[in-house]
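The exercises below work through the interior of one protein chain, from cavities to charged pairs to nonpolar packing. Try each task on the structure before reading its solution.

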Amino acid sequence: MTSQSGGATGGGAGGPAQGGGRSGSLTSAEQRQAVKKVFEPVALFFGRLGLTPNGLTLIGFGITIGAAILAGLQLWLIAGIVVMVGGVFDMFDGTLARATGKVGPLGAFFDSTFDRWGEALTWVGIAVGCMAAGNDLGATLSILALASAFMVSYARARAEGLGFSPGSGLASVGLAPREIRLVVLTIALILTGALGGVAPWDPADPTAGLATGGNAPFLIGVGAIFVLATITVIQRVANVRAQALAAARDPSSKETASR
């Protein structure tokens, strides 16, 4: 089975994002490629152990399941560390695939599917942990963050499926692609655990709730992910719209989508 092209973190840029520009993103394609290059020796080491790129994808998926379980058990600090490990591990499959010439559409599908599945399960675990702690606000924000994060990925997948942003161009569009969300979530969970974890939040006294234990870093971090992911979806929609309008103004351009 051939493997992935890099999932949410891969690719150059297409359409308005061509040339490796950020197009409103906090990271660029060049920065992502530089980070992947750093991890290439580790990925090749896994390859020498007999692991395939798709095998690494499954291991990474298992790590995210572990993070979801830890969050559901309210072990926030450890969950944050495991989320970070899972995010780093996610670089190995695509890196190994490229280094060994095993890049292919089936592997790319495999990688992206399990990435999205793992991210969704992580957010479900976080929401469960918040509900167990009696923090309905935290659970609500987690569900909203999950919805917006899903739409970030869906907007890219749907656009590329319709022929927009060839070469995974939308990966560089928007404030919060997956790697940015993982960094913010990792920091939020680690700080939450270090400061005593998520505690019950009383909507009748929100100030006291924010000052309790790790509630403040959790709510601020998860809330920031929700806002940034929502903005990212809007940016990607605007980017695709701009591509469609540009194509419509150019009679010689190939139609990118059927209506």
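**Exercise 1. Find the volume of the largest cavity and describe its lining.**

Step 1. The largest cavity holds about 140 Å³ of space, where a cavity is a set of points, on a 1 Å grid over the protein atoms alone, at which a 1.4 Å probe fits but cannot get out, and lining residues have an atom within 4 Å of a point. Its volume is the space filled by probe spheres set on the points, which are joined across faces, edges and corners.

Step 2. Of the 14 residues that line the largest cavity, Thr64, Val83, Thr122, Arg178 and Leu182 are the closest to its centre. The elements that give two or more residues to this lining are H2, H3, H4 and H6, the helices being DSSP runs (H or I, at least four residues) numbered from the N terminus.

Step 3. Sorted by class, the lining has seven nonpolar, four polar and three charged residues, with Ala, Val, Leu, Ile, Met, Phe, Trp, Tyr, Cys and Pro counted as nonpolar, Asp, Glu, Lys and Arg as charged, and the others, Gly among them, as polar.

Before going on, note that this is a predicted model, in which local features need pLDDT of at least 70 and side-chain atom pairs count only at pLDDT 80 or more, while totals for chains, interfaces and linings use all residues. Residues are numbered from 1 along each chain as its sequence is written, and side-chain values use heavy atoms, with hydrogens and water left out.

**Exercise 2. Describe the second largest cavity and state which element gives the most to its lining.**

Step 1. The second largest cavity has a volume of about 90 Å³, and of the 14 residues that line it, the closest to its centre are Gly60, Phe61, Thr64, Asp90 and Asp115.

Step 2. Two or more lining residues come from each of H2, H3 and H4, and H2 gives the most, with five residues. By class, this lining has four nonpolar, five polar and five charged residues.

**Exercise 3. Trace the network of salt bridges that includes Asp115 and Glu119.**

Step 1. The structure holds six salt bridges, each a side-chain nitrogen of Lys or Arg within 4 Å of a carboxyl oxygen of Asp or Glu.

Step 2. Arg178 and Asp115 meet through their side chains at 4.0 Å, N to O. Arg178 lies in helix H6 and Asp115 in helix H4, so this pair ties together parts that are 63 residues apart in sequence. Both Arg178 and Asp115 are buried, that is, under 20% relative accessible area with a 1.4 Å probe and protein chains only, whereas exposed would be over 50% and partly exposed in between.

Step 3. Glu119 pairs with Arg181 at 3.1 Å, N to O, and since Arg181 lies in helix H6 and Glu119 in helix H4, the pair ties together parts that are 62 residues apart in sequence. Glu119 also forms a salt bridge with Arg116 (3.9 Å, N to O).

Step 4. The network links Asp90, Asp115, Arg116, Glu119, Arg178 and Arg181.

**Exercise 4. Locate the largest nonpolar core and the contacts of Leu189.**

Step 1. This core has 30 residues, being a set of buried Ala, Val, Leu, Ile, Met, Phe, Trp, Tyr and Cys residues joined through side-chain atoms within 4.5 Å. Its largest share, seven residues, comes from H3.

Step 2. Leu189 touches Trp76, Leu77, Ala79, Gly80, Val83, Ile126 and Phe218, not counting residues up to four places away in sequence, with contact meaning heavy atoms within 4.5 Å.

Notes. 1 Å grid on protein atoms, 1.4 Å probe; cavity = no way out; pocket = protein on both sides within 12 Å on 5 of 7 lines; lining within 4 Å.
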